[in-house]
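This report introduces the structure shown below. Please keep the sequence and the model in view while reading.

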Protein chains: 2
Amino acid sequence: MNSLMKVLITGASGFTGRYLIKHISEKCASAKNRPEIYGLYNSSKPKSSESCRFIKADICNVSEIEDLISSVKPDYIIHLAGERRGSYEEQFRLNAVGTVNLLEAVRKHCNKSRILVVSSSAVYGYAGEMPISEDNPLRPVGAYGVSKAAGEMAALSFTRQYGMNITVARPFNLFGPGQNEDFVTGKIVKYTGEIIAGLRESFDLYSLDSGRDFVDVRDAVRAYWDIISSPVFEEKCRGEVFNIGSGDAFTVRDVIVALEIITSHKITVNLPSEILPEIVPTQKSDITKIKNTVGWVPEYNFEKTLTDMLKEY
Amino acid sequence: MNSLMKVLITGASGFTGRYLIKHISEKCASAKNRPEIYGLYNSSKPKSSESCRFIKADICNVSEIEDLISSVKPDYIIHLAGERRGSYEEQFRLNAVGTVNLLEAVRKHCNKSRILVVSSSAVYGYAGEMPISEDNPLRPVGAYGVSKAAGEMAALSFTRQYGMNITVARPFNLFGPGQNEDFVTGKIVKYTGEIIAGLRESFDLYSLDSGRDFVDVRDAVRAYWDIISSPVFEEKCRGEVFNIGSGDAFTVRDVIVALEIITSHKITVNLPSEILPEIVPTQKSDITKIKNTVGWVPEYNFEKTLTDMLKEY
């Protein structure tokens, strides 16, 4: 008599969290023992859902996290919670110390659990025009990249020190339907929608030339699940890092041009008189490792994602 | 009319800090304009000294550090302060956030200052038997190595983002006269002295086989000063990382054997019945880069340092 598998997702109310819960529950809908999904959130309360039990908890509150882990004892943990804004101190607190709090609790109460720590391509900084592999040195710029790098180094240290089943994912620039204005693509799609609706004539951007590897959030959550549920997890994923990207770089200008084609509308963008040089002018992923290890490749293409985003802007 | 050069040292009351103040004041004794040295300390008050003005300040107190930097406006800063013990949270606070606090203050008030951030070989973790160059990936094990890696990544990010004159030093295992029992060599020398004095018969160690690159603290402080005072600092050191080591690996057993030869005494060590495998079994530095850039090489050899340590145990 098997007990149900338990999956814990931190950052469950975020953009990625919502897609991840949907993906797991759909993917496992026909499974004999559908997993129980626990979704941790802190700031914004998610809409109630049949497929997930939401729990409010603060990743920085050690005893709260420990109580939670010791009572749930999840089999799989996908750690999305983090902070993209604020001071170094705030981002270290969430992205590095918060990750450690979670891992310490797992170490004490269910040290065989599989854990996927979701980091960011921001840890690479600028690495040239070539595709970036997981072996590239980490040269983050700014508090977000530095604190995410600290969090993933702590995670890999737990594997080295205690043999825990931890894997790090480094998603490149996520985009997808429902993404908000905090992200450049979310912002452009929203304002494009407003231009088409006649609500505005133009909008402001800082520059058009920075290149990024855009990956659909629906592809990314599939990658997270493919890694953590892989039959070769302990053998080939534990202690490893996996890039999750499209393998292509598109500029902000490419986003605008694609939207102009999709919508047949002219999109007017206002740029500053003096454009400052970008510290990270471009980034493109090498995704050979995840492809060869768990067989994941992205399925959505750039235009398809933008089209879907426009429908839901 | 030149104003005096000002040198600020954080962690001034520590083992390295004391040697660094001594080195700078001796090295610059005959200089036309001897630099003013400011020594920051927090926990233990240093003995008063003619060559250094000591100031109590907490690196984690943002306004305290900002007031200090804005009033002193140091030309050179050598950042030694940090924490080797305690939880991840405590060590992140001192080693990462504390470093950021210092750099933020410098950015605001004297952004052309030269800064040497002293990190640690602990950021490398285990990298095999071969000499470790600065390009080796960072694989720290435990809170100290992870938090030091976070601190140096933050420092290098300030150079990338704001063009600040920051260099990172990675000292390997420091030893030297006056080192306390918190460090393995300090502990072995102290107990060896006590055995010779007839105060004890033996002492306990965890293992004899871990190999480390031992570098004399007097060599290390010379390296710090050679880097920060180099005429090629802005051109060849800024944004760079330098290993500071001997280029050799000695085991704990080698330390014991050397002390037996130096003292002509048998040293009895008690080991646990079961010796656990070391996560970092050995470490050895490649010091080509500092040699080629500022011409530094170590001058003390292993036996000389141990002999000097025994005199002052």
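In which helix of chain B is the place of M309(B)? M309(B) lies in helix α10 (residues 302-311) of chain B, where helices (H or I, at least four residues) are DSSP runs numbered from the N terminus.

## Basis of the model

This is a predicted model, in which local features need pLDDT of at least 70, side-chain atom pairs count only at pLDDT 80 or more, and totals for chains, interfaces and linings use all residues. Residues are numbered from 1 along each chain as its sequence is written, chains are lettered from A and ligands numbered from 1 in the order in which they are written, and side-chain values use heavy atoms, with hydrogens and water left out.

## Surroundings of M309(B)

M309(B) has 3% relative accessibility and therefore counts as buried (under 20% relative accessible area, 1.4 Å probe, protein chains only). Neighbours within four places in sequence aside, its contacts (heavy atoms within 4.5 Å) include F175(B), P177(B), T185(B) and V189(B). The C-alpha atoms of M309(B) and G193(B) are 9.8 Å apart in space, although 116 residues separate them in sequence.

## Helix α4 of chain A

Helix α4 of chain A covers residues 143-162. Of the 20 residues of α4(A), 16 are buried, so the helix is largely enclosed by the rest of the structure. Just after α4(A), G163(A) takes a positive phi of about 70°.

## Relation of the two chains

A turn of 180° with a shift of 0.0 Å along the axis lays chain A on chain B with an RMSD of 0.0 Å (least squares on the C-alpha atoms of residues with pLDDT of at least 70 in both). The two copies are thus related as by a two-fold rotation axis. In chain A, A150(A) has the C-alpha nearest the axis, 2.6 Å from it.

Note on methods:
Helices (H or I, at least four residues) and strands (E, at least two) are DSSP runs, numbered from the N terminus. Buried means under 20% relative accessible area, exposed over 50%, partly exposed in between (1.4 Å probe, protein chains only). The expected span of a helix is 1.5 Å times one less than its number of residues.
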